[in-house]
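This report walks through one protein model, from the whole chain down to single residues. Please keep the viewer open while reading.

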Amino acid sequence: MAKPIVCAALLLAVLAHPAVSIIEDGSIYEDYVDIGEVQPVEVYQGSSKTFSVSATNHGNLCYGGVILKYPRDLPEGISISPVESQTIDIGETATYEITIYAGENTSPGTYSIGIADNAANDPNTWRDVEVSV
């Protein structure tokens, strides 16, 4: 009686193994953590503006310590406050508060600043944010 159950369990394990491998390496996903739409931001010289950005985990793993990242070459006079890292469970969305500072001598204009996540094994799809000073 136990032999059919053992055989069925082994057969199931063999059949499920390739699917598990595909899911584990994430090859069925184009992106793991997706940064949501971000509205244009307007900040005045010598001031700051805080806004929210969401990140959704579309992957098959729970990502711990996900923090947003920005390009190293920000326009002169503009800085972005660091955000706290968050754990994003499978299918969950985390919200980040971002503050952009524009110095008093920042040249007026519209700048494009990229935001991405640092989740492991993620292609780090960048989302452009339009910042007007």
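## Overall fold

Among contacts in the chain (heavy atoms within 4.5 Å) between residues at least 6 apart in sequence, 65% join residues at least 24 apart. The model is predicted: local features need pLDDT of at least 70, side-chain atom pairs count only at pLDDT 80 or more, and totals for chains, interfaces and linings use all residues. Residues are numbered from 1 along each chain as its sequence is written, and side-chain values use heavy atoms, with hydrogens and water left out.

The chain holds one helix and 10 strands. Their order along the sequence is α-β-β-β-β-β-β-β-β-β-β. Both kinds of element are DSSP runs, numbered from the N terminus: helices are H or I with at least four residues, strands are E with at least two.

## Surface and burial

The accessible surface of the chain is about 8300 Å². Carbon and sulfur atoms account for 54% of that surface. Areas come from the Shrake-Rupley method with a 1.4 Å probe; for residues, only the protein chains shown count as cover.

Of the 133 residues in the chain, 33% are buried. Buried means under 20% relative accessible area, exposed means over 50%, and partly exposed lies in between (1.4 Å probe, protein chains only).

## The antiparallel sheet

One open sheet has four strands in the order β1-β3-β8-β6, with antiparallel pairing. Two strands pair if DSSP finds at least two bridges between them. The edge strands are β1 and β6, and each pairs on one side only. From one strand to the next, the twist averages 30°. For such angles, axes are lines fitted to C-alpha atoms (for helices over the stretch in contact), and values run from 0 to 180 degrees between N-to-C directions.

Strands β6 and β8 run antiparallel and are joined by three bridges. Ile78 stands opposite Ala102 in β8.

## The mixed sheet

Another open sheet of four strands has the order β2-β10-β9-β5, and its pairing is mixed. Strands β2 (41–42) and β5 (68–69) each have a single partner strand, so one side of each is left without a neighbour in the sheet.

The parallel pair is β2 with β10, over two bridges. Here Val41 stands opposite Val131 in β10. Strands β9 and β10 pair in the antiparallel sense over six bridges, and Tyr111 also stands opposite Val131. At the other edge, β5 and β9 pair antiparallel over two bridges. Lys69 has Ala116 in β9 as its bridge partner.

## The nonpolar core

In soluble globular proteins, nonpolar side chains tend to be buried together. The largest nonpolar core in this model has 28 residues; Val53, Leu68, Tyr96, Ile98 and Ile100 touch the most other members. Elements giving two or more residues to this core are β1 (33–35), β3, β4 (63–66), β6 (78–80), β8 (93–102), β9 (110–117) and β10 (127–132). Strand β8 gives the most, with five residues. A nonpolar core is a set of buried Ala, Val, Leu, Ile, Met, Phe, Trp, Tyr and Cys residues joined through side-chain atoms within 4.5 Å.

Leaving aside neighbours within four places in sequence, Tyr96 is in contact with residues including Phe51, Val53, Val66, Leu68 and Ile88. Polar residues are on its list too, among them Ser52, Glu84 and Gln86.

## Polar residues in β3

Thr56 is found in strand β3 (residues 47–57). Its relative accessible area is 18%, so Thr56 is buried. A polar contact of 2.8 Å joins its side chain to that of Thr93. A polar contact is a pair of N or O atoms within 3.5 Å; within protein, one must be able to donate a hydrogen and the other to accept it, and residues adjacent in sequence count only if both atoms are side-chain atoms. Beyond four places in sequence, Thr56 is in contact with Tyr32, Val33, Asp34, Glu92 and Thr93.

Asn57 is also in strand β3. Asn57 counts as buried, at 1% relative accessibility. Its side chain reaches the backbone oxygen of Ile88 at 3.0 Å. Beyond four places in sequence, the contacts of Asn57 include Tyr32, Cys62, Tyr63, Ile88 and Gly91.

## A loop position

Ser85 is found in the loop between β6 and β7 (86–88). Ser85 is partly exposed, with a relative accessible area of 41%. Ser85 and Leu68 are 17 residues apart in sequence, and their C-alpha atoms are 7.7 Å apart in space.
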